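Dear colleague,

Please find the structure below, handed over for your use. My findings follow directly after it.

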Amino acid sequence: MRKLLKYLKGYRTECVLAPLFKMIEALFELFVPLVVASIIDKGIGNGDVNYIIRMCIILGGLGLFGLIFSITAQYFSAKAAISFTSKVRHVLFDHIQKLSYSELDETGESTLITRMTSDMNQIQNGVNLTLRLFLRSPFIVFGAMIMAFTIDFKAAMIFVGTIIILSLIVFGIMLSCIPLYNRIQQKLDGVLGVTRENLSGARVIRAFCKENDEIDEFHGINDSLTKLQKFTGKISALMNPLTFITVNAAVIILIYTGAAEVYKGILTQGAVVALYNYMSQILVELVKLANLIISLTKSVACGNRVQAVLELEPSVKFKSEEVINENGKYIVELKHADFRYKNAQENSLTDINLKVKPGETVGIIGGTGSGKTSLVNIISRFYDVENGEVLINGKNIKEYPSEQLRSFFGIVPQKAVLFKGTVRDNLKWGKKNASDEEINEALEISQAKEIIDQKEGGLDFEIEQEGKNLSGGQRQRLTIARAIVGKPEILILDDSSSALDFATDSKLRKAIRNITPSPTVFIVSQRASSIRYADKIIVLDDGKAVGQGTHDELIKSCEIYKEIYDSQFSREGSING
Amino acid sequence: MDKKNKVDRKSALKKVLRHLGKYKIQIFLSIVFAAVTVALSLYLPILTGDAIDLIVGKDCVDFDRINIIITKTSVIIALTAVLQWFMNTINNRVTFQVVRDVRNEAFEKLQQLPLAYIDSHRHGDIVSRIIADTDQFADGLLMGFTQFFTGIVTIFGTLAFMLTINIRITLLVVVLTPISLFVAKFIAKSTYNYFKTQSEIRGEQTSLIDEMIGNQKIVRAFSFEDESLEKFDEINDRLTKASVKAVFFSSLTNPTTRFINSLIYAAVGLTGAIGVINGQMTVGGLSCFLSYANQYTKPFNEISGVVTELQNALACAARVFELIEEEPQIPDAEDSKSLENVKGNVFLKNVSFSYTPNRKLIKGFDLKVKPGQRVAIVGPTGCGKTTLINLLMRFYDVDSGSVSVEGVDIRNIKRSSLRSNYGMVLQETWLKSGTIRDNITMGKPDASDDEIIEAAKATHAHSFIKRLPNGYDTVISDSSSGLSQGQKQLLCITRIMLSIPPMLILDEATSSIDTRTEMRIQRSFAKMMKGRTSFIVAHRLSTIREADVILVMKDGDIIEKGNHEELLKLKGFYSKLYNSQFDV
């Protein structure tokens with residue numbers, strides 16, 4: 001949390017003034033019992049009605065000044081807290097955008113979203129409350145005590161004792177409840193988990209007739225939540241009665257000792273009333289302080305989590321100087337490349353060697369988990385290789401600045417994600433200033449033209465978040481168009497025709513082949529048919545390249561390729577092909 | 001469906017009260033305790049005031065009577081504290097138990113809702129009804145219990161006590177108090193719009209965050225970081241401005257009401273002090289009055305907060321009750337049969353079905369399947385393949401026509417009996433949180449270790465399970481198991497392999513398994529399907545080729561029907577589909 005506080009810097013004035021003004025307000029409040037005491041002692045004692053009126057006007061005045069200072073304080077603290085959070089939010093968003101795939105894998109997108117949203121709100125609340133109350137409440141508690149000292153030393157000692165006992169009670173109960181609240185939260189998460197799982201597995205649960213088992217499980221976990229809640233409730237229910245006893249016991253002692261002092265002539269009647277009033281002020285503020293501390297611990301925890309994200313260093317670092325483009329013999333070259341995911345036990349790719357000439361089509365095939373996606377991810381430097389090197393146009397990939405490197409690639413990821421906005425907006429992701437002509441051309445190639453023409457508004461058709469108003473196949477074709485529109489030198493299709501039927505898939509491949517100037521294409525696929533006619537096929541098994549060559553070569557030389565092929569085509573099928 | 005079942009606040013309140021009915025005695029006790037504690041704690045300032053009256057000045061203190069008052073006070077304090085603790089504990093118990101009851105009811109309902117409901121509602125929304133809304137409801141209920149009731153008792157109690165001391169000042173307090181309420185209400189009303197704007201912009205920002213951060217990898221891949229930050233900042237700036245307004249204006253309530261209270265306090269002080277001079281009341285009475293004036297206005301402020309909280313709680317309760325009162329699926333008929341000795345005769349007769357009334361998906365569908373036949377279903381997406389499975393398993397009911405097994409209409413068969421005769425593997429793998437063993441034995445809880453291992457070996461799942469940290473006892477969950485999609489699918493197949501029911505439904509059952517592994521488990525599949533009626537949905541044509549009957553579906557209709565060779569000869573849709581995989 002501490003490192004976040006530097007973003008408060010621009011609001012130093014507000015951060016000082018807000019608590020200060022709150023303190024002044026509290027000070028006015030502390031004067032009230034004194035004024036009342038003098039009304040009793042001087043006004044009533046002397047029967048001086050004018051004096052009483054004056055004092056009551058002072059009471060009203062104290063209230064008015066309190067109001068003015070308090071409103072100013074509220075404004076400063078709201079401004080500081082919100083501007084601070086908004087700045088942190090901006091910094092965090094910017095930072096997350098700079099993270100490499102490794103950090104994204106490790107942290108998980110959903111965690112990052114929580115950091116950006118609910119954690120931020122919690123932090124804002126915490127800062128706002130702290131600026132407003134953190135000084136005020138202790139100030140009133142100790143202020144009341146000091147005021148008591150100005151009245152009478154002996155009586156003030158009662159205050160000291162009461163404050164100590166009250167603090168022990170309030171903070172003792174709080175502290176013992178905080179871990180219980182955490183456990184309740186965990187149990188609640190458990191109940192949530194069971195519910196969510198039950199919904200996502202509704203079909204399987206019903207197919208196995210497990211409804212009653214599910215209900216039993218839910219009852220069990222729900223019961224244990226309720227038990228814990230009741231237990232915690234019992235403890236926190238002690239707070240009111242215990243503080244009630246303490247304060248009122250203190251009042252009794254106060255009256256008893258006060259009576260003796262008044263009898264001796266050390267104290268006046270009004271002073272006893274004042275002391276009595278101070279006592280009630282203490283309790284209210286102490287409870288406020290305790291609540292503040294609870295929400296503060298929550299905010300600090302959120303702040304620490306946000307800070308932890310900010311401390312993540314992007315593992316892939318880019319140079320800033322642009323590389324002069326020479327046309328190398330090979331557009332992509334891999335030399336003894338090893339790759340391992342962070343914290344993984346084993347390599348995902350081992351000793352990969354590959355040379356690709358401009359305009360060639362490379363097929364990458366292999367079973368699940370064989371490293372196909374990892375391979376294209378190191379070619380586009382979403383991850384860095386562990387050993388060996390990746391060359392683009394003859395230069396080590398690490399020499400390129402981010403923007404320049406990205407401009408080589410058009411990437412179609414496995415998951416077909418589109419963004420809220422028009423079709424045109426979405427395609428412009430691939431080329432920021434693309435003309436309608438270019439966009440239409442890309443749609444034509446990706447076999448999506450027909451779909452878009454049928455949609456209301458054509459290119460202006462509004463796509464919903466994540467492309468929910470399109471089918472899987474339609475989304476996939478648009479993501480392909482998005483990658484093509486910038487006419488990239490290297491096009492990567494990561495299993496991106498899985499939702500297309502064979503006929504559309506083959507039309508698509510034909511169209512891509514006819515793009516001029518022809519891009520270098522990497523096709524990752526599980527379908528042998530998708531890569532059959534590639535210039536070069538690389539067969540992966542368990543992260544190793546077990547075969548490299550054309551279809552005809554591999555079918556003879558590579559056992560695994562042959563197996564994959566045969567598993568998808570019958571013997572009579574191959575006659576066709 | 002939602003509109004029909006809208007539960008308004010009033011009926012939500014009725015339902016809450018009905019749920020509270022079970023705890024009548026406890027609630028009654030709580031109310032009695034509340035009344036007593038409030039009365040006692042209001043009596044304390046009077047006693048203190050009396051004591052102060054006895055402390056007049058030097059040499060003028062009546063210690064004997066003070067001692068009596070102090071003893072009385074001590075007893076009252078102890079009694080109040082004990083009753084207060086009882087009351088709080090009872091309130092907690094009742095609240096949490098009611099919430100537990102409501103949650104249980106909602107979850108039980110979930111098991112009876114038709115799948116149509118679960119399919120057509122966002123799961124996040126259902127979950128938030130059962131978890132977040134119920135939680136909010138609990139908070140409101142608890143607050144209502146503890147503050148609403150005691151607040152009201154305090155107001156009336158204070159009024160009564162004040163009246164016994166001095167009628168004029170009491171009237172003054174009664175007349176002035178509404179000002180503070182009025183001001184609080186005015187502020188709340190005028191800040192409402194600021195809050196609305198704030199939450200609108202916040203919603204906008206959240207969905208942008210969801211979209212961009214949720215798909216950060218794609219944003220990176222297209223170097224779209226700057227644009228997305230720009231969009232974010234624009235919203236962020238707007239949010240900041242709106243938030244400052246909303247937070248600041250809403251934070252005016254407390255200081256303002258505090259100010260008005262201090263005016264009331266000053267007025268009471270003035271009239272009270274003059275009253276003392278005129279001999280209408282004592283100093284102790286004044287001190288008592290001042291502390292009442294503070295106490296009297298506080299519950300008003302609290303109650304207005306509690307009322308909003310309660311309204312919110314009722315709105316949340318209404319959302320849970322909406323779920324609880326959803327129309328359940330048609331229950332099994334009293335005389336519904338259990339299937340015995342299922343051979344695998346399945347007959348679909350003139351079946352029509354649609355998810356939405358105006359879009360017929362399946363119409364006039366006929367299919368007769370003999371025992372042991374292998375039926376493959378192919379066709380483009382959205383052609384109704386999965387729908388057919390929904391109907392076979394009776395996840396959905398047909399609109400017209402009938403589905404029957406062994407000559408019995410499935411609507412006359414117990415759901416549990418029908419479903420346990422099918423073994424189903426779906427494309428979307430679903431595993432329960434628990435051990436691998438729990439998941440495999442779902443269909444046969446009493447399976448022995450040998451049986452489990454045998455089944456896992458048959459599906460080639462054994463080798464990877466063995467390598468997991470705790471083997472078959474490794475705990476997995478659907479979302480974070482570290483298992484690949486293919487491995488999950490193997491587990492789902494093993495689950496069926498362990499207790500092979502007489503009929504099988506395989507919906508893209510091997511879509512995530514690489515073709516080599518698929519080939520290896522082919523033999524087990526063949527064994528599994530031997531002699532069993534099976535329905536297979538697949539888009540890998542290699543899986544389909546060996547079926548006895550291939551149904552080619554398009555737009556909810558069977559357009560071609562026959563075995564592989566017959567369909568190829570037909571040179572229709574199927575042969576086009578089949579041959580396209582050999583194209584360039």
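In this predicted model, helix H5(A) meets helix H11(A) through A:Asp119, A:Gln122, A:Ile123, A:Asn125, A:Gly126, A:Leu129, A:Thr130 and A:Leu133. The partners in H11(A) are A:Lys288, A:Leu292, A:Ser295, A:Leu296, A:Lys298, A:Ser299, A:Cys302, A:Gly303, A:Arg305 and A:Val306. Residues are in contact here if their C-beta atoms, placed from the backbone, lie within 7 Å. By class, this contact has seven nonpolar, seven polar and four charged residues (Ala, Val, Leu, Ile, Met, Phe, Trp, Tyr, Cys and Pro count as nonpolar, Asp, Glu, Lys and Arg as charged, and the others, Gly among them, as polar).

H5 of chain A covers residues 118–133 and H11 of chain A residues 269–310; they pack at an angle of about 140 degrees, with axes 8 Å apart. The axes are lines fitted to C-alpha atoms, for helices over the stretch in contact, and angles run from 0 to 180 degrees between N-to-C directions. H5(A) and H11(A) are therefore oblique to each other (under 35 degrees is roughly parallel, over 145 roughly antiparallel, 65 to 115 roughly perpendicular and the rest oblique). Their crossing is left-handed, a term used if the near helix is turned anticlockwise from the far one by less than a right angle, with right-handed used if clockwise.

Residues are numbered from 1 along each chain as its sequence is written, and chains are lettered from A and ligands numbered from 1 in the order in which they are written. As the model is predicted, local features need pLDDT of at least 70 and side-chain atom pairs count only at pLDDT 80 or more, while totals for chains, interfaces and linings use all residues.

A second helix pair lies in chain B: H14 (residues 449–458) and H16 (residues 485–498) pack at an angle of about 130 degrees, their axes 9 Å apart. That makes H14(B) oblique to H16(B), and the crossing of H14(B) and H16(B) is right-handed. H14(B) contributes B:Glu451, B:Ile452, B:Ala455, B:Ala456 and B:Ala458 to the contact, and H16(B) contributes B:Thr494, B:Met497 and B:Leu498. These residues divide into six nonpolar, one polar and one charged.

Turning to the chains as wholes, chain A has 22 helices and twelve strands (DSSP runs numbered from the N terminus: helices are H or I of at least four residues, strands E of at least two). Its radius of gyration is 36 Å, whereas a compact globule of 577 residues would have one near 25 Å (taken over C-alpha atoms; the globule rule is 2.2 Å times the number of residues to the power 0.38). The C-alpha trace of chain A spans about 120 × 60 × 50 Å along its principal axes.

Chain A is divided into domain 1 (2–310) and domain 2 (332–570), with bounds from an automatic or database domain assignment. The centres of these two domains of chain A, taken over C-alpha atoms, are separated by 56 Å. Each of the two gives five residues to their contact.

Chain B has 20 helices and 14 strands. Its radius of gyration is 36 Å, well over the 25 Å that the globule rule gives for 584 residues, so chain B is more spread out than a compact globule.

Finally, 127 residues of chain B are in contact with 127 residues of chain A. Helix H3 (residues 63–112) of chain B supplies the largest share of the chain B side, 24 residues. That side has 61 nonpolar, 45 polar and 21 charged residues.

Yours sincerely
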